[in-house]
Amino acid sequence: MLILSTVALYALTSFLFRSFAARQAQLAKQFAASGQEALSRGDAERAVNDLRTSLSYAPDDMTNRLLLAESLARSNHPEQARSYFLGLLDAQPADGFLNLQLARLARERKDSHAAIDYYRAAAVGNWSGDSLRERYSVQFELAEYLIELNDLPSARAELLIATADAPAEGDVYTTLGKKFEQAKDPTDALNLYSKAIKANPADAEAPYRAGRVAYQMGDFSQAAELLSVARRRTAEAKTGEENVREIDDLLQSAKRIQELTLSADLSPQDYIEHLLRALPVAKQRFDSCVAQFNGSPLSSDMQMLQSGWSDVDKISLRRSSLQDATEQQNLTKLIFQTEQITSKFCGGPSGDDALLLQLANSSPGIH
């Protein structure tokens with residue numbers, strides 16, 4: 001009887017234990033599913049409560065621990081989230097996702113050194129799925145952070161690495177180009193926009209941005225070509241029309257500045273033609289500025305310009321008299337100095353004067 005009682009009691013205990021364990025597993029799944037659903041709809045606080053309950057029934061479930069850490073981060077409990085992520089990282093130190101989450105948490109608490117270290121660990125870490133795209137995203141996010149910190153040399157380095165891993169897609173190239181612009185690297189920005197133009201022949205944004213960069217770099221011929229492409233694509237697609245006015249203005253300026261430029265690369269005849277266009281523009285600007293003094297004494301800089309223009313008035317400004325290279329350089333210097341000095345005393349110029357001032361400021365050796 002004693003043996004039979006013991007066997008019956010053991011069987012009953014085993015049954016109850018299995019039933020309890022099964023019930024625990026069922027409850028863990030129910031609360032985990034509820035937590036995932038809450039997290040997917042943006043209710044992070046509800047997700048935290050449900051996932052904590054789920055883990056009380058199944059404390060070793062790594063998936064739910066990870067979801068709880070994410071929920072804590074989204075529900076503004078950064079220190080608790082960090083604790084969970086660090087615990088998970090101990091078991092998987094090379095996990096890219098965990099390092100990325102810790103990088104973002106460090107960024108939130110203004111710990112830039114830790115954030116950068118975690119970002120770099122995430123970039124070389126293990127990822128499930130499309131690991132190349134994930135690594136590109138991490139590098140891009142790190143570059144954005146470095147730009148935010150104004151560490152532009154490091155940002156440019158990270159952007160170059162991101163470019164190597166970037167998907168060959170027009171939108172991606174355009175996005176990278178924008179970041180290179182923010183990192184003060186117009187050359188690489190222009191290269192990325194050029195790739196975007198080839199990758200997406202219908203897109204108008206890439207040639208528009210490339211044209212702006214080329215214009216800022218002083219390559220007005222390339223700027224005009226790119227802006228013409230942007231204008232044509234905008235008209236064909238009938239989208240991006242909010243930029244049409246800016247494209248037209250910049251395109252007109254790029255074409256006009258090519259007519260005024262006094263570059264040493266011009267042929268001798270073209271240089272003379274450009275001088276003959278620019279001289280009356282600068283002279284009118286000087287005369288207008290002098291008039292604003294209303295008879296008051298001119299500054300020393302303005303007196304210097306007045307002397308220069310007096311000498312020019314004595315010259316017969318014909319092609320035959322402008323063949324001398326020294327005379328050409330003197331006239332070019334006078335034009336550029338006129339635009340620079342008058343902008344100090346008589347306000348910012350407009351029209352052709354503004355273009356000549358831009359040329360003056362970008363010309364080495366002109367003061």
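**Close-up 1. Lysine 110 sits out in the open, in a loop of this predicted model.** With a relative accessibility of 71%, lysine 110 counts as exposed, because anything over 50% gets that label. Look for lysine 110 in the loop that runs between α5 (96-108) and α6 (112-123). Now check the backbone: the phi angle of lysine 110 is near 65°. That is a positive value, and the residue is something other than glycine.

**Close-up 2. Asparagine 150 is another loop residue with a positive phi.** Here the loop is the one between α7 (131-148) and α8 (152-165). Phi of asparagine 150 is near 65°, and again we're looking at a residue other than glycine. Is asparagine 150 buried or exposed? It's exposed, with a relative accessible area of 58%.

**Close-up 3. Glutamate 158 and arginine 120 join up in a salt bridge.** The closest N and O atoms of this pair are 3.2 Å apart. Glutamate 158 belongs to helix α8 and arginine 120 to helix α6, so the pair ties together parts that are 38 residues apart in sequence. What about their surroundings? Glutamate 158 has a relative accessibility of 6%, so it counts as buried. Arginine 120, at 39%, counts as partly exposed. If you go hunting for other salt bridges in the model, the full count is 14.

**Close-up 4. Lysine 178 and glutamate 205 form a salt bridge between two helices.** Their closest N and O atoms are 3.0 Å apart. Lysine 178 is in helix α9 (residues 170-182), while glutamate 205 is in helix α11 (residues 205-216). That makes a link between distant parts of the chain, with the two residues 27 places apart. Both residues land in the middle category: lysine 178 is partly exposed at 28%, and glutamate 205 is partly exposed at 29%. Don't stop at the pair, though, since Lys178, Glu205 and Arg209 are linked in a network of salt bridges.

**Close-up 5. Arginine 256 meets aspartate 352 in a salt bridge.** The N-to-O distance here is 2.8 Å. Which helices does the pair link? Arginine 256 comes from helix α13 (residues 244-260) and aspartate 352 from helix α17 (residues 351-361), distant parts of the chain that are 96 residues apart. Arginine 256 counts as partly exposed, with 24% relative accessibility. Aspartate 352 is partly exposed too, at 23%.

**Close-up 6. Helix α9 has a set of buried residues, with other helices among their cover.** This helix has 13 residues. From the first C-alpha to the last, α9 reaches 19 Å, close to the 18 Å expected at 1.5 Å a residue. Its buried residues include Val172, Tyr173, Leu176 and Phe180. What covers them? The cover includes α7, α8, α10 (186-199) and α11. Residues three or four places apart on an α-helix point the same way, because there are 3.6 residues in each turn. After α9 comes lysine 184, whose phi is positive, near 60°.

**Close-up 7. Helices α9 and α10 pack against each other.** To describe two packed helices, you give the angle between their axes and the distance between those axes. For α9 and α10, the angle is about 165° and the axes are 8 Å apart. The two helices are therefore roughly antiparallel, since angles over 145 degrees count that way. Their crossing is left-handed. On the α9 side, the residues making the contact include Gly170, Tyr173, Gly177 and Glu181. On the α10 side, look for Asp188, Leu192, Tyr193 and Ala199, among others.

**Close-up 8. Threonine 163 is a buried residue of helix α8.** Its relative accessible area is 16%, under the 20% cut-off, which means that threonine 163 is buried. Which residues does threonine 163 touch, not counting residues up to four places away in sequence? They are Leu176, Phe180 and Leu192.

**Close-up 9. Serine 299 is in a loop, yet it counts as buried.** You'll find serine 299 in the loop between α14 (268-291) and α15 (300-313). Its relative accessibility is 18%, so serine 299 counts as buried. Leaving aside residues up to four places away in sequence, serine 299 touches Phe293 and Phe345.

Terms used:
Residues numbered from 1 in each chain as written. Predicted model: local features only at pLDDT ≥ 70, side-chain atom pairs only at ≥ 80, totals over all residues. Heavy atoms only, no water. Helix = DSSP H or I, 4+ residues; strand = E, 2+ residues; numbered from the N terminus. Buried < 20%, exposed > 50% of the residue type's maximum accessible area, 1.4 Å probe, protein only. Salt bridge = Lys/Arg side-chain N within 4 Å of Asp/Glu carboxyl O. Expected span 1.5 Å × (residues − 1). Contact = heavy atoms within 4.5 Å. Axes fitted to C-alpha atoms, helices over the stretch in contact; angles between N-to-C directions. Parallel < 35°, antiparallel > 145°, perpendicular 65-115°, else oblique. Left-handed = near helix turned anticlockwise from the far one by under 90°.
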